[in-house]
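Visitor: Hi! Could you walk me through this structure?
Guide: Happy to, here it comes.

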Amino acid sequence: MGVLFVIRGVSGGGKSSLAERLAPDANFAADQMPGLYVLGQYQLAKQEEAHKWCLEEVSQCIKGGAPVIAVHNTFVKRKYLDPYLAIAKHYGYSVQV
């Protein structure tokens with residue numbers, strides 16, 4: 001059906017730029033959650049909520065049949081990728097990490 005690009009790496013490593021090129025209409029990161037930054041300050045207490053928000057945004061795009069989707073977070077541990085891999089598999093998306 002479609003493809004999900006999972007882009008992982010260090011902060012400032014170009015993940016967002018790559019995601020924008022690969023999927024200009026459907027690219028997501030936890031850092032994009034509304035309200036995560038208040039007056040330019042990162043709200044650490046909202047970090048978990050931001051990652052849930054990101055997964056939900058990607059899930060909705062997959063369920064809607066978007067042909068190309070990119071998610072770009074640091075994904076410092078393999079287990080953080082698992083929910084994205086599971087939803088992609090369920091809906092028949094190929095995954096590129």
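Guide: We will talk about one strand, its partners and a residue beside it. This is a predicted model, where local features need pLDDT of at least 70, side-chain atom pairs count only at pLDDT 80 or more, and totals for chains, interfaces and linings use all residues. Residues are numbered from 1 along each chain as its sequence is written, and side-chain values use heavy atoms, with hydrogens and water left out.

Visitor: Okay, why is strand S5 largely enclosed?
Guide: Four of the five residues of S5 (residues 68-72) are buried, so the rest of the structure largely encloses this strand. Buried means under 20% relative accessible area, with a 1.4 Å probe and protein chains only. Strands are DSSP runs of E with at least two residues, numbered from the N terminus.

Visitor: Which way do S1 and S5 run, and how many bridges join them?
Guide: They run parallel, joined by five bridges; strands pair if DSSP finds at least two bridges between them. Leu4 stands opposite Ile69 in S5.

Visitor: And how many bridges join S2 to S5?
Guide: Two, and S2 (residues 27-28) also runs parallel to S5. Here Phe28 stands opposite Val71.

Visitor: New topic: is Asn27 buried or exposed?
Guide: Asn27, found in S2, counts as buried because its relative accessibility is 12%.

Visitor: What does its side chain join up with?
Guide: The side chains of Asn27 and His72 share a polar contact of 3.4 Å, meaning a pair of N or O atoms within 3.5 Å, one able to donate a hydrogen and the other to accept it; residues adjacent in sequence count only if both atoms are side-chain atoms. A polar atom of the Asn27 side chain also lies 2.9 Å from the backbone oxygen of Ala23.

Notes: Buried < 20%, exposed > 50% of the residue type's maximum accessible area, 1.4 Å probe, protein only.
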